[in-house]
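Student: I would like to learn how to read a structural model with some care, going feature by feature. Could you take me through one?

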Amino acid sequence: MRNDAERYQRLKSEDPQLYRLLEGQIHAESTTLKMIPSENYVRFAVLEATGSILTNKYCEGYPGARYYEGNEIMDEIESLAIERAKSLFGAEHANVQPYSGSPANQAVFRALCRPGDKVMGMPVPQGGHLTHGWGVSFSGSDYTQIPYGPDPETGILDYDEIREIARRERPRMIIVGGTSYPRVFDYHVFDEIAREIDAYLVADIAHINGLIVAGAHPDPVPFCDVVSSTAHKMLRGPRAGFLLSKIEDRYHEKYHAKSRFNLAKRIDRAVFPALQGGPHMNVIAAMAVAFREAATEEFRQYGHQVVKNCRRLAEGLLERGHELASGGTDNHLLVMDLRKSQFTGKEVAKALADAGIICNFNMVPGDHRKPAVTSGVRMGTPALTTMGMKEAEMDRIAGWIDVVCRSLPDCEETAQRVRNEVAELCLQYEVPGIGRWVEQSEVVQGTF
Ligand SMILES: *Cc1c(COP(=O)(O)O)cnc(C)c1O
């Protein structure tokens, strides 16, 4: 039975080649454990908005000030997304037009800094994002990264050291956020440091947006000049970015005396017309749908369950003798620390993928291996929790990860066995946005 396949009938008859690829991915996502911490499953309502005719319309500009006619409804949709974003995060201003998280960050640099300015951010190997000043990105080539990161010994941020670096370097902007930091950020301390040196404070909450709205992670909005985020990842919206900010600029006189625009307006102008053209209205509509969902009690419980699940997974691995970066987790992700292992992060991640446990290799603090192999494996619980998994399933998964790791390097047979068990577990759930696509019997017969 493929009841949910009906949704793609037109695609199937019109472009069977593309349809086969889509179906392959649907099978994969229905039968493996999605443990990449930046991924999730969006619900049907989000997919419907993303796939709607709103993709047809051009509406460069902002609500009430467009460069095309016929945008009355678009104005309402964008205003709805903006109002929901502001209310969800308690922000003074929101811009929902960035095409994704990276363009959102580019707009932040454009609004707050000038080329060549010093910007404090974590380098990619230490868990920062490319757009936090890493060399191969615009943020590293056009601006000067002042690096900080977790202590190589403890894997935890050392705030005294961060304060020292900030005092010495006096950057224009400090970016707080990361892609593989398993602990919470103390925005209060970052704010103190930023104020002391008159630096802008920006939180990039791309990974932890859902934890913040659920109250399962400290809230950066009161402390930061700008907060940058994706709408996907934990928030379960479409692939897109958005920006929250204060309206007034606390350093306007000092840094932007010649500009007549306040902070909110400079953010808007940095997104459009400086960096982007027409907004993706289908995506903005889907974002509004996701913001509505994220404001529910159900989502609050989801956020807390993500953390409970991740803690349980961490305990399961620690009990079985595995080491974790920073010794554990406070959020939605953990990083296995393989510095003492003979196997690299790349080898372990590949073996786990063969077993249907999809995660990624990642540098750990104090890593002695190259970024192409690493000594870490990063994994998280947002998508599993969306499926409905709880602590009991985390125990089973920790057990599977353990046996796959122990079976290296000749792990083929073990991986195959675990893969079947993983598929069996996954098929007990109705996957959001996918439904029940693959039947248990197909897995048993190995037809997928
Ligand atoms: C994912 C992520 C981004 C970028 O998002 P994209 O949508 O992939 O461009 C930016 N910052 C952080 C911390 C992220 O995790």
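Student: Where is the place of Pro409?

Tutor: Please keep in mind throughout that this is a predicted model. Pro409 has its place in the loop between α16 (391–407) and α17 (412–426), and the peptide bond that joins Leu408 to Pro409 is cis, with omega about 5°.

Student: How should I read a cis bond, and which bond from Phe272 is cis?

Tutor: The general idea is that most peptide bonds are trans, and that most residues other than glycine have a negative phi. In this structure the peptide bond from Phe272 to Pro273 is cis, with omega near 10°, and Pro273 is found in helix α11, which covers residues 263–275.

Student: You mentioned phi as well; which residue has a positive phi although it is not a glycine?

Tutor: That residue is Lys233, with a phi of about 55°, and Lys233 lies in the loop between β9 (226–230) and β10 (241–245). Lys233 also appears among the residues that come nearest to the ligand, together with Ser100, Ser102, Asp204 and His207, out of 13 residues around the ligand.

Student: How do I read the shell around the ligand, and how do its residues divide into nonpolar, polar and charged?

Tutor: One begins with the character of the residues and then asks which elements supply them. Here the shell divides into one nonpolar, 10 polar and two charged residues, and its largest share, three residues, comes from helix α5 (residues 101–112).

Student: Which polar side-chain atoms lie by an oxygen atom of the ligand, and at what distance?

Tutor: For a polar contact one looks for a pair of N or O atoms within 3.5 Å. A polar side-chain atom of Ser100 is 2.4 Å from a ligand oxygen, an N or O atom in the side chain of Ser102 is 2.6 Å from a ligand oxygen, and for His232 the corresponding distance is 3.4 Å. The protein buries 87% of the 380 Å² that the ligand exposes when taken alone, and the ligand sits in the second largest pocket.

Student: Finally, how do I read a sheet, and what order do the strands β11, β13 and β14 have?

Tutor: One reads the order of the strands, then their direction, then the edges. This open sheet of three strands has the order β11-β14-β13 with antiparallel pairing, and its edge strands, β11 (333–337) and β13 (360–361), each pair on one side only. Five bridges join β11 to the antiparallel strand β14 (residues 376–380), and Leu333 stands opposite Gly380 in β14.

Methods: Residues are numbered from 1 along each chain as its sequence is written. This is a predicted model: local features need pLDDT of at least 70, side-chain atom pairs count only at pLDDT 80 or more; totals for chains, interfaces and linings use all residues. Side-chain values use heavy atoms; hydrogens and water are left out. A residue is near a molecule or strand if one of its heavy atoms lies within 4 Å of it. A polar contact is a pair of N or O atoms within 3.5 Å; within protein, one must be able to donate a hydrogen and the other to accept it, and residues adjacent in sequence count only if both atoms are side-chain atoms. Accessible areas come from the Shrake-Rupley method with a 1.4 Å probe; for residues, only the protein chains shown count as cover. On a 1 Å grid over the protein atoms alone, a cavity is a set of points where a 1.4 Å probe fits but cannot get out, and a pocket is an open set with protein on both sides within 12 Å along at least five of seven lines; lining residues have an atom within 4 Å of a point. A molecule sits in a cavity or pocket if more than half of its atoms lie within 2 Å of its grid points. Helices (H or I, at least four residues) and strands (E, at least two) are DSSP runs, numbered from the N terminus. Ala, Val, Leu, Ile, Met, Phe, Trp, Tyr, Cys and Pro count as nonpolar, Asp, Glu, Lys and Arg as charged, and the others, Gly among them, as polar. Two strands pair if DSSP finds at least two bridges between them.
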